[in-house]
2 protein chains.
Amino acid sequence: MDNCIFCKIAKGDIPVKKLYEDEQVVAFNDVNPQAPTHVLVIPHTHIATLNDLTHDNQYLIGHMATVAAKIAKDVGHAENGYRLVMNCNQDGGQSVFHIHMHLLSGRQMEWPPG
Amino acid sequence: MDNCIFCKIAKGDIPVKKLYEDEQVVAFNDVNPQAPTHVLVIPHTHIATLNDLTHDNQYLIGHMATVAAKIAKDVGHAENGYRLVMNCNQDGGQSVFHIHMHLLSGRQMEWPPG
């Protein structure tokens, strides 16, 4: 997707400090952090929203969660805890239409979640 | 897990209105809803926290997200949007130590997510 900022980040066309990368996903810091650790995990594959998940790519979300949990452990926040968030469309607060998982940690997260 | 309320719900020992069920997961309404639609998707298998995901069960999270997206569609909120949230341990705000995914929809979700 030529105009997708997350595709450009995944391909390396926009340079970011990658915290993790494998064949399926890339992780990097959110530019507007809402917690001491605020990381985004995105797939290399362009999938616009959670509504576009198919049987073939549903397991990607599981991998994204596993990577987020690994990063939480790497930064020393696994035991204290963290929150994972995915937003879909306007009501969900989705701002970039390439699915991404937010990892937030390093502070007490409040309820409700937005 | 004898004392786990979500294990009891999954087994049917505590009756709830199940919105969805298959061999892997059960979905039902949160008892303290934070949005017009606030559903929990839980696995039948007892997994205490996201830190306890293993290579073998990581894909469960993908299935939980797919089920949540299906429920959002069923209630007519897929296009307007929704938020998926998973909490781990104290800082994440986890209250029941059997992993669960929150689906929140039917209102504008705010930022930050708690």
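Start by selecting A:Asn89 and A:Gln94 and showing their side chains. A polar atom of the Gln94 side chain in chain A sits 2.8 Å from the backbone nitrogen of A:Asn89. Keep in mind as you click around that this is a predicted model.

Stay on A:Gln94 and look at where its side chain goes next. The backbone oxygen of A:Val96 is 3.1 Å from the A:Gln94 side chain. If you colour by secondary structure, you'll find A:Gln94 in the loop between α3 (89–92) and β5 (101–105) of chain A.

Is A:Gln94 buried or exposed? Its relative accessibility is 7%, and buried means under 20%, so A:Gln94 counts as buried. To see what surrounds A:Gln94, set aside its neighbours within four places in sequence and show the rest of its contacts: A:Ala48, A:Thr49, A:Asn87, A:Cys88, A:Asn89 and A:His100.

Now go back to A:Asn89, which lies in helix α3 of chain A. Check its backbone angles: phi is positive, about 60 degrees, although A:Asn89 is not a glycine. A:Asn89 is also buried, with a relative accessible area of 11%.

Hop across to chain B and select B:Asn89. You'll land in helix α3 (residues 89–92) of chain B. Here too there is a positive phi of about 60 degrees in a residue that is not a glycine, and B:Asn89 is buried at a relative accessible area of 11%.

While you're looking at backbone angles, select A:Trp111 and A:Pro112. The peptide bond joining A:Trp111 and A:Pro112 is cis, with omega about 5 degrees. Follow the chain to place it: A:Pro112 is in the segment after β5 of chain A. Next, pick B:Trp111 and B:Pro112, where the peptide bond is cis as well, with omega near 10 degrees. B:Pro112 lies in the segment after β5 (101–105) of chain B.

Time for some strands. Select residues 25–29 of chain A, which make up strand β2. Four of the five residues in this strand are buried, so you can call β2(A) mostly covered. Which strands does β2(A) pair with? One is β1 (residues 18–21) of chain A, antiparallel to β2(A) over three bridges. Show A:Tyr20 and you'll find A:Ala27 of β2(A) opposite. Between β1(A) and β2(A) there are three residues, and the two strands form a hairpin.

Another partner is β3 (residues 37–43) of chain A, which runs antiparallel to β2(A) and is joined to it by five bridges. For a pair to click on here, try A:Phe28, which stands opposite A:Leu40 in β3(A).

Last stop: show both chains and look at where they meet. How many residues of chain A are in contact with chain B? There are 40, and they touch 40 residues of chain B. The area buried between chain A and chain B is about 3,500 Å², and carbon and sulfur atoms give 50% of it. On the chain A side, α2 (59–74), β4 (82–88), α3 and β5 each supply at least two of the residues that touch chain B. Colour that side by residue type and you get 17 nonpolar, 18 polar and five charged residues.

Don't go hunting for salt bridges between chain A and chain B, as the count is zero. Polar contacts are there to find, though: 30 residue pairs across the two chains.

Finish by selecting β4 in both chains. β4(A) and β4 (residues 82–88) of chain B run antiparallel and are joined by seven bridges. Zoom in on A:Tyr82, and opposite stands B:Cys88 in β4(B).

How values were computed: Residues numbered from 1 in each chain as written. Chains lettered and ligands numbered in written order. Predicted model: local features only at pLDDT ≥ 70, side-chain atom pairs only at ≥ 80, totals over all residues. Heavy atoms only, no water. Buried < 20%, exposed > 50% of the residue type's maximum accessible area, 1.4 Å probe, protein only. Polar contact = N/O pair within 3.5 Å; in protein donor to acceptor, adjacent residues only side chain to side chain. Contact = heavy atoms within 4.5 Å. Pairing = 2+ DSSP bridges. Buried area = accessible area lost by both parts, 1.4 Å probe. Salt bridge = Lys/Arg side-chain N within 4 Å of Asp/Glu carboxyl O. Nonpolar A, V, L, I, M, F, W, Y, C, P; charged D, E, K, R; others polar.
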